[in-house]
Amino acid sequence: MLFICLLQGVKAQVSGRVTTSNGQPLAYVTVSLIKAADSSSVKSMLTTEQGGYSIADVSAGKYRLKLSSIGYQTWFSASFDISGSKDAKYLAVIVMKEDTRQLGEVVVRGSKPLYQQRSDGLVVNVENSILTKGSTALEVLERSPGVAIDHRDNGISLNGKGGATVMINGKLIRMPLAQVMNLLNGTNADNIEKIELLSTPPAGYDAEGSAGIINIVMKKSKKPGTNGSYSLTGGYGMGEKGTAGINLNHNTKNVNLYGSYTFQHDRTYTDLFITGSQYMPFIGGNAEVEFYTKTKRVSNNHNATLGTDIKLDTQTTLSASVSYNNIHSPNYTYSNAGYNILPDSLLRYIGNINGNNRLNNITNSLSIERVLKGGEKIGLEADYIHYNSNAPTQVNTSFVNKHGEQVYASNSVSAQQQRGFANTTINVVVFKADYTNQLSPLLKLETGIKGTHTGSSSSSGIESFNNGAWERNMQTAANIYMKEDIGAAYISLNWQLAKGTSLNTGARYEYSYTNMDNPQTGGNIVNRKLGKLFPTILFTTKLAGRSELQLSYTKRIARPSYDDLASYFAYSDPTAVYTGNPFLKPTITNNIKLGYNYGDYSFSLLYSRDDNAIARYQLSESPAHDILFISPQNLPYQNYLTFQVNAPFKVSNWWEMTYSFVGGLRQFKEDYTLNPLTKSYFGYSFNFNQLFKLSSSFSAEVSGQYNSMFYNGTTRIDGFGVINAGIKKQLKSNAGSLQLAVADVFSASQIQVRYGTLTREAFDIKSHVIVNTETRHFPVIKLTYTKSFGGTGLVNRNKQDNGSKEERERLRNN
């Protein structure tokens, strides 16, 4: 770093930093160096995301600075002299005032491109999509480039890899992955501003997430006065859908109050059909199986948020918020299976499962931020998260032979009456402190510490009703208490090496301690300590014209989740249960990325190496070799070479399109099956978006995505894709808007999963699973009405906004 500093040029320069009146960095302000004599322009540039600017190669003379930005008053400096090539003028911190002039009925609207490439990943500006209205956060995420959602096994992958960490407003969602998907499926996408798909995040982010970070940024209005919006959605697929939401904001000079509430109702349907063969120990031989199951689910979700930002003085801001999420999801599953026990026995299984899932999650956050002298800033934040889920089930089965006689009725996994229970409580306390200092116009320091304590307890199992009493099979029962502590410290230096060239170097050290006990037996299940250093390097340089080159290296980790480790049990069918794996190791990932941008076009090549990659929902045999365990397993290694392209095109003033491709070579090694192997293959995903401006009040959108065949461990998932469409009508006299959206227009959403295609699986299973989501039977059609009210002032840009640098893209859609 010292060597880099010594290489800096000694030519004259003018530099400084620009902030808002509340001390927030102001990005993309036009900074013009003008001659003091006649105000003619000499050089111009835009401020960085941190509000900094540095105009180099300034000749001797008398100058002034002119700063301008939409929504702010134009600012002029006093005249100053540059005397020689080594002279430097630092204008410290310039505070720009908002332009409070009334514009009458004039409403200024602008738009950002749907996809924006950054050095750390891709930003999806979902609020600009017609299809966002009436959708859930999970549906919007599924339409994002490189993201694949596994609805059957509750998985989220990024760029073909599992292990992505999900954040909301930069905060980790610390709950089981299945419940993360439930939470996203119950979150109204109308409240989302953008989704950040960060494949190489900097040191300031948690190192958690071997595939990267998915950060969902929610909208937060800064309009003056009282304002807000409300929306109503009605729809139908295989069942009725409905969403009602309201957002309220009240902003004064020193106080910002905000709140939102959303209720969502969704009646949905899924079915699957399985054909295959396996050796079934408890019925005594090889069997050919045909299995059909259908699930009907009703979800009622409540989401509420209340918060405030209070400006204590010109340098200090206090923020507090509380978010509550409640999900009630009764469900019914019907199963009908035929087992042909070779050579000539035939068994028929019929199962009826009634579940009643309830989830409660509350997050409390308190933070204070103070801007010190000379561009210094310090922030403190504390969070408390409480999560509880309760998922009881009642199972009634019939297992008969070809004569209609009940068989294996006393077996614990095939008794006529069974009941399951799964109760989990998680409490998380987080504290962090961050410090930022603009050491010079060319060097910015960021550092901080973070501590997280998690306490989790669960009780789960399956009981069978035999001989007039409920009996618990100890193979399918567990009571677990887990404690995890993670301490982290990071430092990051952002260097402006030259005009258009920057280097961000950083390191994050994390130490974790995980302990898991069985409170019934007093035995210890997991006791693990791990300390790791995670370096990051992000280099960016502007080439000729509109070109930009990026190079980065990051190291990340994916720790096993609570459900991954816990020996819980959930009913699947008479021969199988879902469970955890207490012997799982964390995944360590190294990423090297080369990126090239030309205007709005972006290209990147990413190489990643995962050691001990975690593959979920793999097949293994129980210790007694009589039940199939579906559990996560470690892969010794996983290599990915991924090429990504994002290409927008403007065909005409009324037609814009964007195409995105993510794909490349993938290789993994597994050693947990009966015949270990190494597999290499090519996988990819393709997304497109077409936007049509039909008139001043009508617009339409068509989007689609396709995911090629890929592997989750030894499980093969065939390629699948969907096409969505929507149309929007902007009503006159600021009366709101109507959006009609159709999900999966051609009812193509079918997922096919294959077991036993690569190697010999547990119990010699070979099966083909066909999963039909709701839209496979009929597209989901939704009509949404949205209305904004209150002030029409300009929206302040978010301090982390990385929008386009063109003037028209600095404004958010009203």
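What follows is a walk through the fold, cores, surface and salt bridges of a predicted model.

Start with the overall make-up. The protein has 814 residues, of which 53% count as buried. Strands dominate the count of elements, with 46 of them set against five helices. Contacts that reach far along the chain are well represented: taking pairs at least 6 apart in sequence, 66% of the contacts join residues at least 24 apart. The accessible surface adds up to about 34400 Å², and carbon and sulfur atoms account for 56% of that.

Two of the sheets can be laid out strand by strand. One is an open, mixed sheet of six strands, ordered β9-β10-β16-β17-β14-β15. Its edges are β9 (115-118) and β15 (171-172), each of which pairs on one side only. Further in, β10 (residues 121-124) runs antiparallel to β16 (residues 192-198), and three bridges join the two. Within this pairing, V123 sits opposite E196 of β16. The other sheet is also open, with three strands in the order β11-β12-β13 and antiparallel pairing. Here β11 (147-150) and β13 (161-162) each have a single partner strand, so one side of each is left without a neighbour in the sheet. Four bridges hold β11 against β12 (residues 155-158) in the antiparallel sense, and I149 faces I156 of β12 across that pairing.

On the inside, the largest nonpolar core takes in 38 residues, and the members touching the most others are F291, Y339, L619, L628 and V769. A second core, separate from that one, has 36 residues, V126, M218, V428 and V430 among them. Back in the largest core, L619 shows what the surroundings of one such member look like: beyond its neighbours within four places in sequence, L619 is in contact with L628, F629, I630, Y755, E761, A762 and I765.

Nonpolar side chains also turn up on the outside. L551, I592, L594, F603, L605, Y607, L641, F643, L665 and F682 make up a nonpolar surface patch of about 880 Å². Three elements supply two or more residues each to this patch, namely β34 (587-598), β35 (601-621) and β36 (628-652). Of these, β35 gives the most, with three residues. Another patch member, L665, belongs to β37 (residues 655-670); with a relative accessible area of 53%, L665 counts as exposed because the value is over 50%.

A couple of backbone oddities deserve a mention. Y617, in strand β35, has a phi near 60°, a positive value in a residue other than glycine. N734 is not a glycine either, yet its phi is positive at about 55°. This second residue lies in the loop between β42 (720-730) and β43 (737-743) and is partly exposed, at 48% relative accessible area.

Towards the start of the chain, K35 is found in β2 (residues 30-35) and is partly exposed at 41% relative accessibility. Leaving out its neighbours within four places in sequence, K35 has contacts with S40, V42, K62 and Y63. The C-alpha atoms of K35 and F80 are 9.9 Å apart, although 45 residues separate the two in sequence.

Finally, the charged pairs. The whole structure holds 23 salt bridges. One of them brings K241 and E774 together at 2.6 Å, N to O. K241 lies in β19 (residues 240-251) and E774 in helix α5 (residues 774-777), so the bridge ties together parts that are 533 residues apart in sequence. Both ends are tucked away: K241 is buried at 10% relative accessible area, and E774 is buried at 7%.

A salt bridge also links R370 to D313, with 3.5 Å between the closest N and O atoms. Since R370 is in β23 (residues 345-371) and D313 in the loop between β21 (285-311) and β22 (316-341), this pair ties together parts 57 residues apart in sequence. R370 is partly exposed at 34% relative accessibility, and the figure for D313, likewise partly exposed, is 34%.

R419 and E463 form a further bridge, the closest N and O atoms being 2.7 Å apart. It connects β26 (residues 417-440), home of R419, with β27 (residues 443-466), home of E463, and so ties together parts 44 residues apart in sequence. R419 is partly exposed at 30% relative accessibility, whereas E463 is buried at 10%. Elsewhere, salt bridges with shared partners join D206, E208, K450, R508, E510 and R559 into one network.

Conventions: Residues are numbered from 1 along each chain as its sequence is written. This is a predicted model: local features need pLDDT of at least 70, side-chain atom pairs count only at pLDDT 80 or more; totals for chains, interfaces and linings use all residues. Side-chain values use heavy atoms; hydrogens and water are left out. A nonpolar core is a set of buried Ala, Val, Leu, Ile, Met, Phe, Trp, Tyr and Cys residues joined through side-chain atoms within 4.5 Å. Buried means under 20% relative accessible area, exposed over 50%, partly exposed in between (1.4 Å probe, protein chains only). Contact means heavy atoms within 4.5 Å. Two strands pair if DSSP finds at least two bridges between them. Patches are made of residues with over 30% relative accessible area and no salt bridge: like charges are joined within 9 Å, nonpolar side chains (Val, Leu, Ile, Met, Phe, Trp, Tyr) within 5 Å. Accessible areas come from the Shrake-Rupley method with a 1.4 Å probe; for residues, only the protein chains shown count as cover. A salt bridge is a side-chain nitrogen of Lys or Arg within 4 Å of a carboxyl oxygen of Asp or Glu.
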